Amino acid sequence: MPTHRLRVPAVLAALVTLLSTLFIGGLSAPAEAATTLGQRAVIEASHHRGQPYVYGAAGPTRFDCSGFTSYVYGRFGKYLAHNAASQYSQVRHVSRSAIRPGDLVFMREGGGGIGHVGIYAGGNRWWVAPHTGALVTLQTLYSTNYVVGRP
């Protein structure tokens, strides 16, 4: 007779935890398995792929650009204003060479002001709610006229 027994639910929970850690960076990884706030934000952002852009919307099923970033970081207790320029004034500014996943990318307008924001995912890509008629998507950064902020 064995001296101890493992309960099946405990074994299954351990297996799920192990498997979920193998998928970090994939769309199905739980945010809790990531180690940094930025990594958790990228994973959370990925969960909203395909949700529509609606001007003024801040989630959970429709977003504009700053509503998207505000919603994602709000899931982790970080307040960001619902305005791209205001968000830029709230975050720590970092150089483009120091950018890392989870940082906010702020696109500059022709006059130099902040006009758009998204979440850097790594590999010159970002999660963004692009514009009316589009869906939240992972896309290549389309311009080098941007600045970076870290929540």
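Me: What pattern does the protein chain follow, read along the sequence?

Reply: The pattern is α-α-α-α-β-β-β-β-β-β, made of four helices and six strands. The model is predicted: local features need pLDDT of at least 70, side-chain atom pairs count only at pLDDT 80 or more, and totals for chains, interfaces and linings use all residues. Residues are numbered from 1 along each chain as its sequence is written, and side-chain values use heavy atoms, with hydrogens and water left out.

Me: Why is α3 called a helix?

Reply: Helices are DSSP runs of H or I with at least four residues, strands are runs of E with at least two, and both are numbered from the N terminus. α3 runs over residues 65–74, and its 10 residues satisfy the minimum of four, so the name applies.

Me: What makes α3 mostly covered?

Reply: A residue is buried under 20% relative accessible area, exposed over 50% and partly exposed in between, using a 1.4 Å probe and protein chains only. Nine of the 10 residues of α3 are buried, so the helix is mostly covered. Among them are C65, F68 and Y71. In the protein chain, buried residues make up 40% of the 151 residues.

Me: Which elements do the buried residues of α3 pack against?

Reply: They pack against α2 (37–46), α4 (84–90), β2, β3 and β4. A contact here means heavy atoms within 4.5 Å.

Me: Why are β2 and β3 called a pair?

Reply: Two strands pair if DSSP finds at least two bridges between them. β2 (residues 104–108) and β3 have five bridges, so they pass, and they run antiparallel. V105 is partnered with G118, and R108 stands opposite I114. The hairpin has five residues between the strands, and G112 takes a positive phi near 100 degrees there.

Me: How many bridges join β3 to β4?

Reply: Three bridges join β3 to β4 (residues 125–128), again antiparallel, and that count meets the minimum for a pair. Y120 has W126 as its bridge partner. Two residues lie between these strands, and G123 in the turn has a positive phi of about 60 degrees.

Me: Which strand pairs with β2 over four bridges?

Reply: That strand is β6 (residues 146–150), in the antiparallel sense. F106 stands opposite V147.

Me: How do you know which aromatic rings form a cluster?

Reply: Rings of Phe, Tyr and Trp (its six-membered ring) pair if their centres lie within 6.5 Å; planes under 30 degrees apart are stacked, over 60 edge-to-face and the rest tilted. By this rule there are four aromatic pairs, and ring pairs link F63, F68 and Y71 into a cluster.

Me: Why is the charged end of R96 said to sit over the ring of Y146?

Reply: The rule asks for NZ of Lys or CZ of Arg within 6 Å of the ring centre and within 35 degrees of the ring normal. The charged end of R96 is 4.6 Å from the centre of the Y146 ring, so the distance condition is met.

Me: Which residues line the second largest pocket?

Reply: Y53, Y55, D64, C65, S66, H82, N83, A84, A85, I114 and G115 line that pocket. α3, α4 and β3 each supply at least two residues of the lining.

Conventions: On a 1 Å grid over the protein atoms alone, a cavity is a set of points where a 1.4 Å probe fits but cannot get out, and a pocket is an open set with protein on both sides within 12 Å along at least five of seven lines; lining residues have an atom within 4 Å of a point.
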